[in-house]
Every structure is written in C-alpha cells, then in structure tokens.
Amino acid sequence: MKLLRIDSSPLKEISTSRTIADALEQQLVSQGYTLMNHRDLFYDDSITLGDQDRFTGYFTPVDQQTTAQKKAVAPSNELAAEFAAADAYIIAAPMYNFGVTAPLKAYVDLISRNGISFNYTESGPVGLLKNKKAFVIVSTGGTPVGSEVDLVSRYLKTFLGFVGIVDVQIIAADLTHTQKEEAINRAKNLIAIF
C-alpha cells in the first residue's frame, strides 16, 4: 500500500498537525504501508497559483498545447499523477481563518484534473480514485472540529468524495489554544486503534 503524506502547515517543530502526522505515518508504516512521498506544501516550489497558460492548457488537447502551456501544466500533471498513484493519504490540515491553508487549496486545484482524478460524463463528474483511504488531521486553535464553522473537514471530505475517495477518517486535534497537549493525546489515542 503506497502512502502519500501531505503537510500544509507553515510551522515546523511546533506544528500540531505535523506532530500527529508523524505519529500516524509511523503507525501506518508499521502496518505495512510504504511512504511513496512526503509533500510539504508550504515549502514545495511546484505549488503555485499558475497563470493563463496553465488554465488554458488544462482545456487544450495535449497535441495542441503551446510550449508555454505544456510547461505551465507540467507541475500539475506530476502532482495529479502522484496523487492518483497512492493507495492512502495522510493530509495534515491546520485550520486558518476557518478554512484550509492557501498552499493546500492550491494543491487541491492542481490535482483536480479531468482524466486523472475525475472524468466528466454526461451525468456529471465521476471520481476515478476508488478504493483508497484518506486520514485527514484537522488541527484548530479555537474552533471545534465538526462544528458549523469547521470548513476544513467539510471541504476536504467534499473534495475527496469528488475524486472518488469516500473512506475518509477525520482525526481531530482541536482547541489547541487552551488544551494543546490534551488535543494531541486525544488524536494519538485515536491513531493507536487504526
């Protein structure tokens, strides 16, 4: 089972989501998963907003793309193919202003690709990434995970479902401004039973 880890916190040593992702990665590797890559989105030069060449390139047949379009679309092709090749995912998603961080949103845009992660059909889009599992770590400072204003869990479950991933485990590490150690311990206890 190929495991792809995605971190989206700008913090390194003091990041709650990274601390829990480290423990989860260790647990899954001990169960036979193989880490195929670790994407650290805040520090990955391929995570960019793109330009007109990228967006027009998405909708231009490959054999008709300009050189500029091919160059602009290449990072998205690589990221989307890597995401599609994984069997399981660790997505460490700290909440910033009720949503995901900007690099995680950009990453979602880059890997949402017709023909790679989903297909358009006459009856609407159909996800291509079936029979995969996602572990989503949601860390927050003061917002309860699962509450009305937790837009991170809802957004990531919606996106993952869109591409065909319906086996999604949300791991809450919330309210860390007042109970950081307790939040980390609760999350680690949950991870221990996977």
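Reader: Which side chain meets Arg186 in a salt bridge?

Author: In this predicted model, the nitrogen-to-oxygen distance of that salt bridge is 3.4 Å, and the side chain that Arg186 meets is that of Asp174.

Reader: How many residues apart in sequence are Arg186 and Asp174?

Author: Arg186 belongs to helix H6, which covers residues 176-192, whereas Asp174 lies in the loop between E7 and H6. The pair therefore ties together parts of the chain whose separation in sequence is twelve residues.

Reader: Is Asp174 buried or exposed?

Author: The limit for a buried residue is under 20% relative accessible area. Its partner Arg186 has 38% and is partly exposed. Asp174 has a relative accessibility of 10%, and therefore it counts as buried.

Reader: Which residues do salt bridges that share partners join into one network?

Author: The structure holds twelve salt bridges, and some of them share partners, so that one network is formed by Arg5, Asp7, Lys12, Arg18, Asp22, Glu25 and Asp40.

Reader: Which parts of the structure hold Arg5 and Asp22?

Author: The side chains of Arg5 and Asp22 meet in a salt bridge with a nitrogen-to-oxygen distance of 2.8 Å. The pair ties together parts that are 17 residues apart in sequence, because Arg5 lies in strand E1 and Asp22 in helix H1 (residues 16-30). Arg5 is buried, with a relative accessible area of 2%, while Asp22 is partly exposed at 44%. The two parts asked for are thus strand E1 and helix H1.

Reader: Which residue forms a salt bridge with Glu78?

Author: The closest N and O atoms of this salt bridge are 3.4 Å apart, and the residue that Glu78 meets is Arg39. Glu78 lies in helix H3 and its partner in strand E2, so the pair ties together parts that are 39 residues apart in sequence. The partner is buried, with a relative accessible area of 9%, and its name is Arg39.

Reader: At about what angle does H3 run to E2?

Author: Helix H3 lies across three strands, E1, E2 and E3, and the angle at which it runs to E2 is about 145 degrees.

Reader: What is the order of the five strands in the open sheet?

Author: The edge strands, each of which pairs on one side only, are strand E2 (34-40) and strand E7 (167-173). From one strand to the next, the twist averages 15 degrees. Strand E1 (residues 2-7) and strand E3 (residues 88-94) pair in the parallel sense over five bridges. With parallel pairing, the order of the open sheet is E2-E1-E3-E6-E7.

Reader: Are the rings of Phe83 and Phe159 stacked, edge-to-face or tilted?

Author: The count of aromatic pairs comes to eight. In the pair of Phe83 and Phe159, the ring centres are 6.4 Å apart and the planes stand at 45 degrees. Planes under 30 degrees apart count as stacked and those over 60 as edge-to-face, so the pair of Phe83 and Phe159 is tilted.

Reader: What relative accessible area does Phe83 have?

Author: Phe83 lies in helix H3 (residues 67-85) and Phe159 in helix H5 (residues 151-162), so the pair ties together parts that are 76 residues apart in sequence. Phe159 is buried with a relative accessible area of 8%, and Phe83 is also buried, its value being 1%.

Definitions and conventions. Residues are numbered from 1 along each chain as its sequence is written. This is a predicted model: local features need pLDDT of at least 70, side-chain atom pairs count only at pLDDT 80 or more; totals for chains, interfaces and linings use all residues. Side-chain values use heavy atoms; hydrogens and water are left out. Rings of Phe, Tyr and Trp (its six-membered ring) pair if their centres lie within 6.5 Å; planes under 30 degrees apart count as stacked, over 60 as edge-to-face and the rest as tilted. Helices (H or I, at least four residues) and strands (E, at least two) are DSSP runs, numbered from the N terminus. Buried means under 20% relative accessible area, exposed over 50%, partly exposed in between (1.4 Å probe, protein chains only). Two strands pair if DSSP finds at least two bridges between them. Axes are lines fitted to C-alpha atoms, for helices over the stretch in contact, and angles run from 0 to 180 degrees between N-to-C directions. Contact means heavy atoms within 4.5 Å. A salt bridge is a side-chain nitrogen of Lys or Arg within 4 Å of a carboxyl oxygen of Asp or Glu.
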